[in-house]
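Here's a quick walk through a structure you may not have met before. Have a look at the sequence and the 3D view, then read on.

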Amino acid sequence: MREVIRYIEEQRKRYEDHDFFIRLLADETLSGDKRLAWAPSVIPFIMGYSDLNKYVFRKTVEDGELDPLQALLNDHTYEEDFHWQWMLTDLAKLGADGPMPLSDASRVLWGADFQHSRRLCLGLAEMAANAPTYVVFAMVESIEAVSVTIFEHCQGITLQNGQECEFFGTPHYLAEASHSIKSPEVETSELPLLDASQREQARLIVDRVFSLFDDWSTALLNFALKNETYQLTFERMVQDSKDSFPISAA
């Protein structure tokens, strides 16, 4: 398993060269608000990831005696339990939390502009379904590597009002970096040995996870670059949703 962990780190370093970091998060010529303009579009993924932790990655004793990897995964799912609340708090700081009818909010969250975050959740759920624990562990380690990388680059980004976000800022990065699943003790003493076939299966899953996040990050970059104000963006998304309703169904 340690070889898979090393492979994940190789993929993480490659991922860090994505345009999402170079053209957006690392570009200090842009305002902090612009560098984080993608934030609302991750809502479906962050809320969906909360459900993945609760209902997919976490297993109960009733599912059988927990092996060491599953016990680590379970601990990790509880560590992730509160992070989405930081995100919701940040929406107000970002100016993206104006009043909106529930029907319009549904059109935004399930609209075409946010499909990248919904598809990411579905892709991860599909990969985890009925997968052996070492595969799910490799998936979660890969997701954590992506998360740590993103929020490390979000550190210190301040908004026009001088505030730094919690989810999209230093507090979240520190929480992610301190998770038990990433601790040196885990990497050196609690990981099982995998045979060649298992290692290859895990590496293929790692490749698939990073491929999904590459596509997702491209969508985040595009959303941020074309977003002018959230109010206008959301109004356009609502209208696009209404316009897509077939006339014959009216």
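Which residues in H9 meet which residues in H10?

## Two helices side by side

One thing to know up front: this is a predicted model. On the H9 side, the residues that make the contact are Glu-144, Ser-147, Val-148, Phe-151 and Glu-152, and they meet His-172, Tyr-173, Glu-176 and Ala-177 in H10. Sort the residues of this contact by character and you get four nonpolar, two polar and three charged.

Now for how the pair is arranged. Two packed helices are described by the angle between their axes and by the distance between those axes. Here, helix H9 covers residues 133–154 and helix H10 covers residues 170–177, and they pack at an angle of about 150° with their axes 8 Å apart. An angle over 145 degrees counts as roughly antiparallel, so that's what H9 and H10 are to each other. Their crossing is left-handed.

## A space shut inside

H9 and H10 turn up again around a cavity. The structure holds one cavity of 30 Å³ or more, and the largest cavity has a volume of about 240 Å³. It's lined by 22 residues, and the closest to its centre are Phe-45, Ile-46, Tyr-49, Ser-147 and Phe-167. You've met Ser-147 already, as one of the H9 residues that meet H10.

Which elements give two or more residues to this lining? They are H4, H6, H9, H10 and helix H12 (196–226). H9 gives the most, with six residues. Overall, the lining of the largest cavity splits into 14 nonpolar, five polar and three charged residues.

## The largest pocket

Next come the pockets. The largest pocket has about 400 Å³ of space. Its lining is made of 18 residues, with Ile-43, Leu-91, Ala-105, Val-108 and Leu-109 nearest the centre. Two or more lining residues come from each of helix H4 (43–57), helix H6 (83–93), helix H7 (102–109) and helix H8 (115–128).

And what's the lining like? Of its residues, 15 are nonpolar, one is polar and two are charged.

## The second largest pocket

The second largest pocket holds about 220 Å³ of space. It has 13 lining residues, and Gly-98, Pro-99, Met-100, Gln-231 and Phe-234 sit closest to its centre. Helix H13 (residues 230–243) gives the most to this lining, with five residues.

As for the mix in this pocket's lining, seven residues are nonpolar, three are polar and three are charged.

Note on methods: Residues numbered from 1 in each chain as written. Predicted model: local features only at pLDDT ≥ 70, side-chain atom pairs only at ≥ 80, totals over all residues. Heavy atoms only, no water. Axes fitted to C-alpha atoms, helices over the stretch in contact; angles between N-to-C directions. Helix = DSSP H or I, 4+ residues; strand = E, 2+ residues; numbered from the N terminus. Parallel < 35°, antiparallel > 145°, perpendicular 65-115°, else oblique. Left-handed = near helix turned anticlockwise from the far one by under 90°. Contact = heavy atoms within 4.5 Å. Nonpolar A, V, L, I, M, F, W, Y, C, P; charged D, E, K, R; others polar. 1 Å grid on protein atoms, 1.4 Å probe; cavity = no way out; pocket = protein on both sides within 12 Å on 5 of 7 lines; lining within 4 Å. Points joined across faces, edges and corners; volume = space filled by probe spheres on them.
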